[in-house]
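Student: Please take me through one part of this model closely, namely the charged side chains that pair where the chains meet. I would like the surroundings of those pairs to be set out in one connected account, with the evidence for each statement.

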Amino acid sequence: MWLEAILVGIIAGFGILDSRILGDNMFGRPIIIGPLVGLVLGDFQTGLVVGGTLELIFIGAVQVGASSTGDVVTASALGTAFAILSHQGAAVALTLAVPVALLADRVGDLARIVNTPLIHKADRYASEGNIAGVERMHKIGFVVFFLNGFLPTFTMLMLGSPFMNALIQSLPQWLLDGLLSGALLLPSIGFALLLQMMISMKLVPFFILGFLLAAYLKLDILGVALIGLVIALVLSQYDRADEERMTV
Amino acid sequence: MSHDVEKSIGKKELWKVFFRSLTLQGSWNFERMQALGFAYSMIPVLKKLYRTKEEVAAALKRHLEFFNTAPWMGSFIMGVTTAMEEQNAREKEFNPDSINAVKAGLMGPLAGIGDTFFWGTFRVIAAAIGASLTSKGSAVGLLFYIFLFNIPHYFVRIAGIMKGYQAGIKFLSNASQSGLTQKITKGASIVGLMAVGAMTATMVEFHTPLAFEFTGNKIELQGVLDKILPSLLPLLLTLIVFYLLNKKQVKVIYLLLGLITFGVIGKVVGFL
């Protein structure tokens with residue numbers, strides 16, 4: 001178990017560091033973490049499917065600025081790992097992902113608190129004109145964030161695997177089914193959060209239009225987005241025409 | 001203080017800033033957020049422009065002030081800041097306070113644009129397309145996901161630092177005067193909202209197996225609902241959650257637990 005726990009821990013560390021020091025390429029998401037965990041545990045295909053399913057659940061989980069609704073990285077790493085190790089598939093990952101995301105998020109808060117003395121030390125180096133000192137403080141943060149991903153994942157896998165397996169096997173089927181159908185409703189929260197971020201009264205018709213295009217015409221997301229792009233371009237031309245009339 | 005013209009910024013420094021900008025959030029903390037990452041990214045420029053300890057110290061302190069924006073947009077602000085630092089190193093009468101004023105003025109609007117574009121639009125579309133493929137076992141979805149998000153990402157990052165530097169302050173006053181930033185945000189919101197509408201119709205799996213006996217005929221409730229409006233239940237659910245979140249200020253965790261409980265009860269009672 002040691003080797004697997006270390007490898008999955010490293011994947012979680014990588015997932016956190018993606019948004020910290022690699023430019024935020026959106027690699028710290030279930031769709032990427034799932035297949036990576038699958039790869040190290042010798043079941044890429046299950047990792048791929050579980051990651052994709054988790055991604056659809058977490059698609060709207062908002063992590064804008066300082067606020068967040070959960071550590072998606074740790075949740076997907078542990079969820080996928082237990083799904084593979086217990087041979088129970090996506091249902092297990094979905095059941096575990098939400099509580100783990102909420103718990104691991106507190107660890108993320110801790111990392112952000114641990115980092116605070118770094119900037120005070122950097123202040124001191126700055127007033128001495130010590131460039132290397134400032135750089136060193138920044139890089140210590142990288143280690144803190146790596147551990148933020150690695151430690152919870154590694155610990156849970158080392159402690160949890162037999163315990164988790166026993167727990168999962170003992171759960172009645174109706175509960176697993178129920179948890180799964182509940183989890184499949186969760187994207188609605190993500191979409192509501194996105195709506196809250198983007199919507200204004202004037203823009204409500206666009207949400208409805210997107211819904212109708214998919215519900216009645218069965219268009220896929222890319223098709224709907226491209227139509228949206230055309231509408232946005234056309235509207236921006238009307239905006240310009242309005243302004244020109246006003247300035248004349 | 002010596003101010004020779006030789007110390008000018010070239011492509012080499014800008015690329016160095018670009019690579020360092022990837023680590024913007026590497027030491028994120030609650031007090032000053034991305035400040036240390038910003039200072040770290042600017043170091044190649046500061047090294048090139050300033051010689052004396054006093055100058056370096058003043059510049060480092062300047063960039064250790066509070067900073068936070070959408071990470072993908074950071075390099076544009078760094079480009080603008082580089083242009084201003086260069087001016088500061090050349091002109092005695094330049095007021096260095098204006099550098100932080102410009103940074104502060106840019107980080108808010110760009111955070112809004114960046115979150116709308118990258119978080120709200122590109123990520124959502126990339127994940128929706130990618131995950132709908134991988135969840136069915138097709139690894140091609142990974143490529144869709146990675147490239148749909150990261151081609152625009154790196155385009156904006158690289159163009160950001162180069163154009164930000166070239167245009168400097170000039171672009172900024174123009175953009176805010178002509179309302180360009182608002183227009184861009186509005187356009188991104190339209191595309192994003194339509195995608196969210198489409199996802200509401202297709203990705204919330206909410207249908208009911210309930211059926212009734214009516215004058216000897218079996219009537220399935222889901223079939224009736226589909227005739228009224230396909231995906232009616234997912235739409236209603238999403239709107240209810242939006243209402244609870246927006247008007248009632250219900251916390252996300254309660255909504256999560258509530259929906260899971262609803263799912264279990266629904267399965268046991270038989271309406272799900």
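**Charged pairs between the chains**

Tutor: Glu31(B) is a good place to start, and with a relative accessible area of 34% this residue is partly exposed. Its side chain meets that of Arg32(B) in a salt bridge, with a nitrogen-to-oxygen distance of 3.2 Å. Salt bridges that share partners then tie Glu31(B), Arg32(B) and Asp123(A) into one network. Please keep in mind throughout that this is a predicted model, and that each distance and area below is computed from it.

The link from this network to the other chain is the salt bridge between Arg32(B) and Asp123(A), in which the closest N and O atoms are 2.7 Å apart. Arg32(B) sits in the loop between α1 (11-21) and α2 of chain B, whereas Asp123(A) belongs to helix α6 (residues 116-127) of chain A, so the pair joins two chains. The two partners fall into separate accessibility classes: Arg32(B), at 13% relative accessibility, counts as buried, while Asp123(A), at 24%, counts as partly exposed.

A further pair also crosses between the chains, running from Arg20(B) in helix α1 of chain B to Glu135(A) in helix α7 (residues 131-170) of chain A. The closest N and O atoms of this salt bridge are 2.8 Å apart. Here Arg20(B) has a relative accessible area of 19%, and because the limit for a buried residue is under 20%, Arg20(B) counts as buried. Glu135(A), at 12% relative accessibility, counts as buried too. As a general point, side chains of opposite charge can pair when their charged atoms come close.

The loop that holds Arg32(B) deserves a second look. Met33(B) also lies in the loop between α1 and α2 of chain B, and its phi is near 55°, a positive value in a residue other than glycine. Most residues other than glycine have a negative phi, so this backbone angle is worth checking by eye in the model. Met33(B) is itself buried, with a relative accessible area of 14%. Elsewhere in chain B, Ser231(B) has a phi near 65°, again positive in a residue other than glycine. Ser231(B) is found in the loop between α8 (221-228) and α9 of chain B, and at 17% relative accessibility this residue counts as buried.

To place these pairs in their wider setting, consider the interface as a whole. Chain B and chain A bury about 8900 Å² between them, and 76% of that area is on carbon and sulfur atoms. On the side of chain B, the residues that lose the most area to chain A are Trp119(B), Leu193(B) and Met194(B), which together account for 9% of what that side buries. In terms of contacts, 99 residues of chain B touch 103 residues of chain A.

Against that background, the count of salt bridges between chain B and chain A is two, out of seven over all chains. Polar contacts across the same interface number 20 residue pairs, with both residues at pLDDT 80 or more. The side of chain B that touches chain A draws two or more residues from each of several helices, among them α2 (35-49), α5 (97-134) and α7 (180-203) of chain B. Its largest share, 18 residues, comes from α7(B). By class, that side has 59 nonpolar, 27 polar and 13 charged residues.

Chain A offers a polar residue with a contact across the chains as well. Thr53(A), in helix α3 (residues 44-58) of chain A, is buried at a relative accessible area of 16%. Leaving aside neighbours within four places in sequence, Thr53(A) is in contact with Ala90(A), Leu94(A) and Ser135(B). The side chain of Thr53(A) also reaches the backbone oxygen of Val49(A), at 2.7 Å.

To return to the main thread, the charged pairs between the chains are Arg32(B) with Asp123(A) and Arg20(B) with Glu135(A), and Glu31(B) joins Arg32(B) within chain B.

Conventions. Residues are numbered from 1 along each chain as its sequence is written. Chains are lettered from A and ligands numbered from 1 in the order in which they are written. This is a predicted model: local features need pLDDT of at least 70, side-chain atom pairs count only at pLDDT 80 or more; totals for chains, interfaces and linings use all residues. Side-chain values use heavy atoms; hydrogens and water are left out. Contact means heavy atoms within 4.5 Å. Buried area is the accessible area (1.4 Å probe) that two parts lose on being put together, summed over both. A salt bridge is a side-chain nitrogen of Lys or Arg within 4 Å of a carboxyl oxygen of Asp or Glu. A polar contact is a pair of N or O atoms within 3.5 Å; within protein, one must be able to donate a hydrogen and the other to accept it, and residues adjacent in sequence count only if both atoms are side-chain atoms. Helices (H or I, at least four residues) and strands (E, at least two) are DSSP runs, numbered from the N terminus. Ala, Val, Leu, Ile, Met, Phe, Trp, Tyr, Cys and Pro count as nonpolar, Asp, Glu, Lys and Arg as charged, and the others, Gly among them, as polar. Buried means under 20% relative accessible area, exposed over 50%, partly exposed in between (1.4 Å probe, protein chains only).
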